Amino acid sequence: MNSEKRTRQPNAMFPMHPKMDEQLAQAFSANEDEEEKHIQKVQNAFLYYGPYACQRLKRSMDYLNSLSGEDQHMLSKYRAHLSCVRTCIDRNQAVIREILRERVLYPDPDSGSPSNPSSDRWEFDEPPPHVRHGDMDQAQSTLKLIARDWSTDGALEREQSYKPIIDCIVEYFKPSDYELKEIKILVPGAGLGRLTYELACLGYSCEGNEFSYFMLIASNFVLNLCDYENKYVLYPWVHQYVNNLRREDQVAAVRFPDVCPLKNPPKGHFEIAAGDFLEVYKTPHTYNCVATCFFIDCANNVIDFIRTIYKILVPGGIWVNLGPLLYHYSDVSGQNSIEPTFEDLCIIMESIGFVIESSRTGIRTKYAQNPSSMKQSEYQSLFWVCRKPDPFEEQRGKRKASREPHDLIVRADTDEEEEEERERAKQEQQELADAAINNETEMQDLAQPT
């Protein structure tokens, strides 16, 4: 995906290349046909969701039907459950139809044309051209991410992942000290836009950036087309056939959106820009803050991300990050990847010019997890705040040293442990002071004539 587009409230389209200079925009426009084909593929993957999900369901039904009559009798409730699974898949597909009803990115100019199989129907019986299993996995994952970002069921995960970032930004850019609408915040890897929306609701000028059109299409629907709270029902866990304690856990319903952005518009400026982060954001000294959540490990070379963040921050601006180091391209065939440790990242950040104001590890975070599943995955995430120093500060030789050396990993402590550490430090300081006094007294005694 090469071009950049934006979506604004309400019901905005995606205008082309608003941030690019003329030469770069012309180069990207040359790939417009390729871009349109990619978006059509994403929309086709959404349309193929139902038949694809039913293929997995059919395998269970076929095997069930092959069992003995005695076994099938014992599994009569399980058979009814599989019928319920089919109903949930159909209802998910109905929501997807709503998500795609505007064809907001590229409305199909050949609607109804026999040469375009997706223009006159809402699903496919066979896999659409160029749609692969990975595309279908992303379509299913998008439903889970809607639950994470825009339902009450995802409130705990948002509390774990977004609240530390929001609290840090509010502490640094206090409403009492700043005109919040003048504070420009960029959220790369914005996903479905909830973190960007929440910051804009506080009054900051916020811009989200997202590369995936699966995310962009879904976020446009929530931000611009949902007209009241909890209007739609999804079944995000219907694809999980294992680790279910009860039958109802697989077919649990989730309502969204828990907040309606159309009825509750943000106080601050709010927009979503589509495009490759490294390609779109090249203008130096543009943002007061960059906030990244589960993002920096999405690069082939994480150093490229860190350099770009440093470049686009104004002097004195901060970078707030939370997330693990999964490194998405690490085991992807045909992709290059480096996987620096946290210690390595600290060296990289300071070498590029950042001052590490604070860092913590062991931040417990889940990501799009089924809360009722018998299997629960959890990250021990990193959290840090880096500052781009003022150039005059560097010239005076007063650049602030990092509070934590890059060979030290500090885990999040409890209040009691922190208090004990402070008391221990005070005690050590007092012992050092007493020792210094005793040494001085001894030296005075030795200096006196006998």
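1. Start with Ile169. Setting aside neighbours up to four places along the sequence, Ile169 is in contact with Ile185, Leu199, Tyr204, Cys289, Ala291 and Val320. The model is a predicted one, so read every distance below as computed from predicted coordinates.

2. Ile169 belongs to the largest nonpolar core, which has 78 residues. Ile169 is listed there among the residues with the most contacts inside the core, together with Ile165, Ile185, Phe256 and Val320. Two of these names, Ile185 and Val320, also appear among the contacts of Ile169. Helix H10 supplies the largest share of this core, 10 residues. Another core lies apart from it and holds 29 residues. Leu186, Val302, Leu313 and Phe354 are among them.

3. Helix H10 deserves its own look. It runs over residues 213-225, 13 residues in total. From first C-alpha to last it reaches 17 Å, close to the expected 18 Å. Of its 13 residues, 13 are buried, so H10 is largely enclosed by the rest of the structure. The N-terminal end is capped by Ser212. There, a side-chain oxygen of Ser212 lies 3.2 Å from the backbone nitrogen of Phe214.

4. Now the cysteines. How many disulfides does the structure hold? The count is 0. Cys201 is in no disulfide, and its nearest cysteine sulfur, that of Cys206, is 9.0 Å away. Cys201 is partly exposed, with a relative accessible area of 24%. Cys289, one of the contacts of Ile169, is buried, at a relative accessible area of 0%. Why is Cys289 not bonded to Cys168, the residue with the closest cysteine sulfur? The two sulfurs are 7.4 Å apart, too far for a bond. The cut-off for a disulfide is 2.5 Å.

5. Salt bridges come to 18. Take Asp258 and Arg194, whose side chains meet at 2.9 Å, N to O. Asp258 sits in the loop between strand E5 (254-256) and strand E6 (270-274), while Arg194 is in helix H9 (residues 194-201), so this pair ties together parts that are 64 residues apart in sequence. Both Asp258 and Arg194 are buried. The pair is also part of a network of salt bridges that links Arg158, Arg194, Glu198 and Asp258.

6. Two further salt bridges are worth checking on screen. Glu157 and Arg148 meet through their side chains at 2.7 Å, N to O. Glu157 is buried, with a relative accessible area of 9%. Arg148 also counts as buried, at 5% relative accessibility. In the other pair, the side chains of Arg246 and Asp249 are 3.3 Å apart, N to O. Is Arg246 buried or partly exposed? At 41% relative accessibility, Arg246 counts as partly exposed. Its partner Asp249 counts as buried, at 4%.

7. Last, Gln160. This residue lies in helix H7 (residues 155-161). At 16% relative accessibility, Gln160 counts as buried, because the limit for that class is under 20%. Leaving out residues up to four places away in sequence, Gln160 touches Leu322, Ile363, Arg364, Thr365 and Lys366.

Key. Residues are numbered from 1 along each chain as its sequence is written. This is a predicted model: local features need pLDDT of at least 70, side-chain atom pairs count only at pLDDT 80 or more; totals for chains, interfaces and linings use all residues. Side-chain values use heavy atoms; hydrogens and water are left out. Helices (H or I, at least four residues) and strands (E, at least two) are DSSP runs, numbered from the N terminus. The expected span of a helix is 1.5 Å times one less than its number of residues. Buried means under 20% relative accessible area, exposed over 50%, partly exposed in between (1.4 Å probe, protein chains only). A polar contact is a pair of N or O atoms within 3.5 Å; within protein, one must be able to donate a hydrogen and the other to accept it, and residues adjacent in sequence count only if both atoms are side-chain atoms. A salt bridge is a side-chain nitrogen of Lys or Arg within 4 Å of a carboxyl oxygen of Asp or Glu. A nonpolar core is a set of buried Ala, Val, Leu, Ile, Met, Phe, Trp, Tyr and Cys residues joined through side-chain atoms within 4.5 Å. Contact means heavy atoms within 4.5 Å.
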